[in-house]
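Me: I have a model open here and would like to talk it through before I set anything up. Can we start with the helices and work outwards from there?

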Amino acid sequence: MKIGVDCPQCLIHRGFIEINRATTDDEKRIETTIAVLKTIVENLNPNAVPGVIGTLREKVIKRQTGNLDIYATDRLASNEHALRLLPDLMERVSRVDDDLERFRMATRFSAIGNLIEFDILGYSVDMDRFEDHINSTKFGIDNSDEAFKLAKSAKRVLFLTDNAGEIVFDRLLVEQLKRAGSYVTVAVKGAPIMNDATMDDAVQSGIDKVADRVITTGEACVGLMLIETSEDFRKALSESDLVIAKGMGHYETMTDRSWTQPVLHVLVAKCRPVATHLGVERGQGAILLRRP
């Protein structure tokens, strides 16, 4: 996905917020702001990918401030809040008798978890009202039927997680993939970046007890930058029959290239450029299957 008209403002807006989160030293804040603005300007062009520029911004902020995990507290709190909601969602899924409908419900809950995000321009989520979001989120695209057919035939599924907190809801979908007979490898980020899930979040969420295997991508990028991933991750990718990619970052970075296997994008369109590219309304969920 190429950059949209709202992306530059959003990239700068989040950069400012993260700089203030990362350090209280005013001199460092000014120096980091200059470095971030320079990086964004140097890499901004009509063919730029938002997630790539976002990754470059994050690297600058880490290098300039020395703060390598800006959202550590938020990730922990997001996981704890989601874990309190999980038993009810598990019960709701278990009450569904039909395999397809159970898969659809779990996939939708996984998508709704993508609402857990911080510091996006014009967007916020009230974690205290998250149950309301679970019941009210609408879906502009839902390819669950096709995805379920593929899941039943897929021997190996690679599940690319997005945010902390959200990873708790992903457990529901991983369980349904396992129920369909797939060997499921879950991949988290190799190091903290924004509020994306890391191995610590995988353990806290309990997804490591549900999946067959949990690995890291070997990098810390917004979405997926294949060139920076580890050999272990690339092997898992090459062996997979189906890839499930959570969140806007994966959508931004993965939709401009072809993959050898089907990719199921599971997300909520929290910004206008992603919503426009998907063809849904901002705030709607999307379960989009892309075939090779």
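Me: How many residues of helix H11 (residues 247-254) are buried?
Reply: Bearing in mind that this is a predicted model, helix H11 is mostly covered, with 8 of its 8 residues buried. The buried residues in H11 include Gly 247, Met 248, Gly 249 and His 250, and Tyr 251, Glu 252, Thr 253 and Met 254 are buried there as well.

Me: And how many helices and strands does the protein have?
Reply: The secondary structure comes to 12 helices and 7 strands. The radius of gyration is 18 Å, close to the 19 Å that the globule rule gives for 292 residues, so the protein is as compact as a globular protein of that length. Along its principal axes, the C-alpha trace spans about 60 × 40 × 35 Å.

Me: What share of the residues is buried?
Reply: Of the 292 residues, 57% count as buried. As for the surface, the protein exposes about 12400 Å², and carbon and sulfur atoms supply 50% of that area.

Me: Okay, what about contacts between residues 24 or more positions apart, what percentage do they make up?
Reply: Among contacts with a separation of 6 or more, residues 24 or more positions apart account for 73%.

Me: Can you give me a concrete case? Where is Tyr 71 found?
Reply: Tyr 71 is found in the loop between helix H3 (50-65) and helix H4 (72-94), and with a relative accessible area of 0% it is buried. Leaving out residues up to four places away in sequence, Tyr 71 touches Arg 14, Glu 18 and Arg 21, along with Phe 118, Asp 119, Met 194 and Asn 195. Tyr 71 and Asp 196 are 125 residues apart in sequence, while their C-alpha atoms are 8.8 Å apart in space.

Me: Moving into H4, which residues does Ser 78 touch?
Reply: Ser 78, which lies in helix H4, touches Ile 116, Phe 118, Ala 164 and Gly 165 when residues up to four places away in sequence are not counted. Ser 78 counts as buried, at 3% relative accessibility. Phe 118 is also on the list of residues that Tyr 71 touches.

Me: Switching to the cysteines, how many disulfides does the structure hold?
Reply: The structure holds 0 disulfides. Cys 7 is in no disulfide, and the nearest cysteine sulfur to its own is that of Cys 271.

Me: Why is there no bond from Cys 271 to Cys 7?
Reply: The sulfur of Cys 271 is 6.1 Å from the closest cysteine sulfur, which is in Cys 7, and that is too far for a bond, because a disulfide requires the two sulfur atoms to be within 2.5 Å.

Me: Are those two cysteines buried or exposed?
Reply: Cys 7 counts as buried, at 8% relative accessibility, and Cys 271 is buried too, with a relative accessible area of 13%.

Me: Close to the C-terminal strand now: where does Gln 284 lie?
Reply: Gln 284 lies in the loop between helix H12 (272-278) and strand S7 (285-290). With a relative accessible area of 16%, Gln 284 is buried, and, leaving aside its neighbours within four places in sequence, it is in contact with Lys 138, Gly 140, Leu 267, Val 268 and Ala 269.

Me: Last thing, for the electrostatics: how far apart are the mean positions of the positive and negative charges?
Reply: The protein has 38 positive and 44 negative charges, and their mean positions are 4 Å apart.

Key. Residues are numbered from 1 along each chain as its sequence is written. This is a predicted model: local features need pLDDT of at least 70, side-chain atom pairs count only at pLDDT 80 or more; totals for chains, interfaces and linings use all residues. Side-chain values use heavy atoms; hydrogens and water are left out. Buried means under 20% relative accessible area, exposed over 50%, partly exposed in between (1.4 Å probe, protein chains only). Helices (H or I, at least four residues) and strands (E, at least two) are DSSP runs, numbered from the N terminus. The radius of gyration is taken over C-alpha atoms; the globule rule is 2.2 Å times the number of residues to the power 0.38. Contact means heavy atoms within 4.5 Å. Accessible areas come from the Shrake-Rupley method with a 1.4 Å probe; for residues, only the protein chains shown count as cover. Lys and Arg count as positive and Asp and Glu as negative; His and the chain ends are not counted. The place of a charge is taken as NZ of Lys, CZ of Arg, CG of Asp or CD of Glu.
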